[in-house]
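This report introduces one structure to a reader who has not met it before. It looks at how strands are paired and at what lies in the interior.

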Amino acid sequence: MSGSFVLRRICGAGLAAGFAAATSIHGSTLPMARSEPKKSTYLVTGASSGLGLELVKQLAARGDTVYAACRTSAGSRSGEDALSKVGGNVVVVTGVDVTDDAVGETLKAALHDVQLDCIVHNAGGFVTPRDQQTLGTVSMTSMRLGFELNTLSVLRVAQALAPQLAAPGGKHVIISSMAGSIADNGSGGMYAYRTSKAAVNMVSKSMANDLKKDGVAVCAISPGFVATHFGKGSPEKKAKYGAKPVEPSVRGIVEAIDALTLENSGSFVHTNYGNGLKPAPW
Ligand SMILES: NC(=O)c1ccc[n+]([C@@H]2O[C@H](COP(=O)([O-])OP(=O)(O)OC[C@H]3O[C@@H](n4cnc5c(N)ncnc54)[C@H](OP(=O)(O)O)[C@@H]3O)[C@@H](O)[C@H]2O)c1
């Protein structure tokens with residue numbers, strides 16, 4: 001779909017949460033100020049479910065303004081509309097399908113002249129079940145869908161909103177996966193998912209190089225195995241297989257967003273379920 005969007009402001013004052021301390025990306029310890037962080041304006045894609053939904057909640061709770069972009073405010077897997085109930089300065093932008101080449105037009109029409117401090121490229125997915133992504137079974141349609149959803153999506157959104165991202169000072173945060181790590185691939189398979197996330201890692205690195213001169217920082221994030229609607233099965237079932245809870249995992253993502261600077265731009269970071277950031281192998 002293209003060109004259609006709905007804006008809905010959900011009113012209410014956000015809770016300001018002072019936080020910070022010291023954190024590290026790629027081994028270097030980054031001192032963080034103890035003062036309350038400046039309020040910022042975020043765009044989060046894939047905000048209807050899982051990590052994206054919780055990210056909207058946590059950012060809004062500390063007083064940031066969040067443009068929560070989604071196809072529909074109800075998650076396609078859960079069927080629930082939890083996004084509309086999030087308090088704080090949240091603007092829900094529906095009709096945002098990141099696989100649509102016209103998504104940039106939809107976003108630009110919805111955001112008008114809003115200046116963004118950070119774009120979190122979170123929308124993504126496994127595309128087809130694991131047993132349909134083996135060397136013997138993966139279809140070219142699944143491969144293309146993987147690239148559309150997990151790789152080209154980031155370029156579409158980044159290109160369209162480039163004039164609206166603060167420069168200097170803006171950030172692109174790309175939710176990637178350890179499955180996209182070539183160094184970490186010890187088990188093969190998952191062709192559509194792995195290759196599309198490996199490709200978005202390269203997009204991330206090139207964007208970091210290209211945007212440094214403009215003062216815009218970029219990083220790719222591996223959130224680890226988190227109990228969301230991602231892939232097959234319910235969050236509860238995934239938790240039984242060792243997936244970690246969403247809330248602390250997203251705290252780790254927020255920590256990585258806050259720690260991203262021009263100095264550590266171009267990193268691939270494992271957000272480690274809120275237990276301290278660590279470098280992820282490319
Ligand atoms: N959970 C994990 O273990 C894990 C591990 C590594 C990486 N990740 C990454 O984390 C990100 C978030 O996933 P999640 O775990 O939160 O899964 P999730 O609960 O399934 O959420 C995925 C989100 O992406 C949205 N989305 C899917 N296709 C879209 C499209 N064409 N256009 C716009 N939005 C679309 C979904 O919207 P609908 O509700 O409309 O479908 C949903 O909001 C993904 O990039 C995923 O690859 C997750």
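## Strand pairing

Two strands are said to pair if DSSP finds at least two bridges between them. In this predicted model, strand 7 (residues 118–121) and strand 8 pair in the parallel sense, with four bridges between them, and within strand 8 the bridge partner of Val120 is Val173. Between these two strands the chain passes through helix 3 (residues 140–161), and the resulting β-α-β crossover is right-handed.

Strand 8 is also joined to strand 9 (residues 217–222) by five bridges, and these two strands run parallel; here Ile174 has Ala220 of strand 9 as its bridge partner. Together with helix 4, strands 8 and 9 make a right-handed β-α-β unit.

## A covered strand

Strand 8, which spans residues 171–175, is mostly covered, with five of its five residues buried. Both of its faces are covered, since Lys171, Val173 and Ile175 are buried on one side, while His172 and Ile174 are buried on the other.

## The nonpolar core

In soluble globular proteins, nonpolar side chains tend to be buried together. The largest nonpolar core in this model has 73 residues, of which Val44, Val56, Ala68 and Ala69 touch the most other members. Helix 4 (residues 191–211) gives the most to this core, contributing eight residues.

Once its neighbours within four places in sequence are left aside, Val44 is in contact with Gly52, Leu55, Val56, Val66, Ala68, Ala69, Val120 and Asn122. Val120, one of these contacts, is the residue that has Val173 of strand 8 as its bridge partner.

Methods
Residues numbered from 1 in each chain as written. Predicted model: local features only at pLDDT ≥ 70, side-chain atom pairs only at ≥ 80, totals over all residues. Core = buried A, V, L, I, M, F, W, Y, C linked by C-beta atoms within 7 Å. Buried ≥ 20, exposed ≤ 12 C-beta atoms within 10 Å, placed from the backbone. Contact = placed C-beta atoms within 7 Å. Right-handed = clockwise from strand over helix to strand, strands pointing away.
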